[in-house]
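Take a moment to look at the structure below, and then follow the charged side chains from one chain to the other.

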Amino acid sequence: MSQHLQSALTEPLVEEVERRAEEAGVDYEVTLESLNQWQLAWRKFKKHRLAIIGLGILGVLITVAIVGPFIMPFEFNSIPKPDKIVPAGRPPSLVHPFGETGGLQRDVLLLVVNGARTSLFVGFSSMAIGVIIGTIVGSVAGFVGGFVDNILMRVVDVMLSLPLLFVILVASRFFGNGNVFLIVVIFGLLSWMGISRLVRSLFLSIREQEFVEAAKAVGVTDRRIIFRHILPNAFSPIVVSASLLIASNIVTEAFVSFLGFGINPIYPTWGNVLSNSLTFLLQGNWWWPFFPGLMIILTVLAVNFVGDGLRDALDPRSRA
Amino acid sequence: MSKYVIRRVVQAIPVLFGITIVVYLILLLAPGGPTARFANNPRVTSEDREAFKKAWGLDQPPLIQYCRWMGLCNPDKGGNVLGVLPPPDAFIGNTGWPQFLPTPISGGTNGVLHGDFGVSIETGEDVGARIGRAALPTFILVGLAFIIWVFIALVIGVNAALRRYSIFDQAATVFAYVGYAMPTFWLGIMLIFTFGGPGLNILPVSGMTNTRASPPFGSDAYWTYFGDHTINALLDIGRHLILPVFTLVVVNIAGDSRFIRASMLEALGQDYVRTAKAKGLPGRVVTFKHALRNALLPVVTNIGLEIPFLFTGAIVTETIFSWPGIGSLTIGATRAFDYPTLMGVLLITSFLVVLANLLADIVYAFVDPRIKY
């Protein structure tokens, strides 16, 4: 049926263009391309200049995070010869574009490259855990409603009233043991509340729409309604807030590691590198904390730009 | 209106109760428990640990501990039911009234409900007193920063909205994006490099007072010193305030100025603004009397919601600049596994969040006559 509908709509248009081309005396071949939802979204996304820049930065960072450590492996037991040590480190030069740290004379570029892997891993995977939990809780609350909804939302209220930064600190210190995976789980378990509220409100509004009513009327099962009718329509707001979650988790991880409660300080995450640099703060080697921090800013900017682009691209009301 | 206020207050009670349970659960589940602080101390034997637990009442079943910590149970009444539940007579205070009632009636003095947050395991001081002492530096730091950043955000946001898409607006947008992405602790470190010891060496980078010139802040000796050299003491605190306040201001302007800009743009697009312009009112009057006043409504709520986070949000800045406030207290307590202090801080800050939510809702209903309840 949709095929038929499309040709009924597009054929007069094609004929019109061809007729006018003939009148003007130009040879004009008209083909119509039908775009699906994703192609339309991509077309709108491409118009968003900052989002494309953000996507580029993010692409480079992810490539560096995956490939970089193979080219520049981090050996934490390599110790420079005593006569080579400059206590204040060496400033950026051609050999070491980001400079060398004080103390163990690490190449800051190497630390940053290896840190990218951990930081991005924590950001993305804790986002995934948070989004999954948030979507499940929000869907159940929004679809079942009533008593269950009330209980779940009170739990969310309570969780959102806690000062999350404090709770994350305390939880990382008490449960984390410096383990990357535990830190990821802690971050995921403490970052789903916003998403669950969002998903619940989306469910409440989509549930009342005609197409869901129609699906119910023809006897579609609840499971199919949730997965085929409601969730796909709730997809884009979830993606947008998920992208913001990545950014905030990366910053929080850096902060928690910076305080020494996060990932084991022997691993070079961006937060750990910053934290280690504090010991040599008075030596004046500014390049040591500068570059990891710059990476955090770049990542967060890129993620936010991509998020903005996604918001515009996935909104069916905005036109390309 | 009063009905609405009462309903909101009643709704907040289960949330407050839930917070106490969650705070208690987090610290109950933590591996090691309060004795984890002795883990690396070979002089503390396992008998010592048991004695420590017994002395602090940590050998009791979790529900009884929670009940006593809350102030629902009378700690003078021992025993338990099935090894789990507190015995029924524990809920009765020494005067015969239920224990949870205020001290003059029930005679109970223990627990959160009676304003007793316990004793710090780390220092042996009263937790309430510790938090109270740390609150003053935090309020000085954050209060000052808050006033400055709200003012600057207002100026930036309103001007950006009035001159939409101008160079100023675009510069403000870039600034907001970068400010939003910038980690507070990184900005702090960079400021220390620039203005502190390693760089220009013109501003103090740590603490609240010059400890060589005056006794430590908050001690009795300090207040005597403060009385004798008020101007010098204030100037000293002022110098120490510059960098942390600057850090907080830069990081927090970003979000608020965007919010104010959006709110102002919405107000400027309203019909009554067009009417005001059409009837020939001067631009200033339209901007400030018609648009800004209405634009401030959502801003007031938003800023109201930010207030409790002032308490916690400065944790990063306080750590970097060794400011002796709530943030430093929390970090220290986390390092030392000081459970009572952590629970006190978590609880008080969460209560502040609930309170601020409540106030923001009520104030909003009060100032916006369009909302009917």
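In this predicted model, the side chains of B:Asp338 and B:Arg130 meet in a salt bridge, with 3.1 Å from N to O. This pair links distant parts of the chain, since B:Asp338 sits in the loop between α13 and α14 of chain B while B:Arg130 belongs to helix α5 (residues 127-162), 208 residues apart. B:Asp338 counts as buried because its relative accessibility is 0%, and B:Arg130, at 12%, counts as buried too.

Helix α13 of chain B, which spans residues 326-335, is mostly covered, with 7 of its 10 residues buried, among them B:Ile326, B:Leu329 and B:Ile331. Just after this helix, B:Phe337 takes a positive phi of about 55°.

Turning to chain A, the side chains of A:Arg154 and A:Asp157 form a salt bridge of 3.0 Å, N to O, and both residues lie in helix α5 (residues 146-161), 3 residues apart, or about one turn of the helix. An α-helix has 3.6 residues a turn, so residues three or four places apart point the same way. A:Arg154 is partly exposed at 36% relative accessible area, whereas A:Asp157, at 18%, counts as buried.

A pair with a similar spacing is found in helix α1 of chain A, where A:Arg19 and A:Glu16 are 3 residues apart, about one helical turn, and their side chains meet in a salt bridge of 3.1 Å, N to O. On the surface, A:Glu11, A:Glu15, A:Glu18 and A:Glu22 gather in a patch of negative charge; of these, A:Glu15 is found in helix α1 and counts as exposed because its relative accessibility is 52%.

How values were computed
Residues numbered from 1 in each chain as written. Chains lettered and ligands numbered in written order. Predicted model: local features only at pLDDT ≥ 70, side-chain atom pairs only at ≥ 80, totals over all residues. Heavy atoms only, no water. Buried < 20%, exposed > 50% of the residue type's maximum accessible area, 1.4 Å probe, protein only. Helix = DSSP H or I, 4+ residues; strand = E, 2+ residues; numbered from the N terminus. Patch = residues over 30% accessible without salt bridge, like charges linked within 9 Å, V, L, I, M, F, W, Y side chains within 5 Å. Areas by Shrake-Rupley, 256 points an atom, 1.4 Å probe, with all protein chains shown as cover. Salt bridge = Lys/Arg side-chain N within 4 Å of Asp/Glu carboxyl O. Lys, Arg positive; Asp, Glu negative; His and termini not counted. Charge placed at Lys NZ, Arg CZ, Asp CG, Glu CD.
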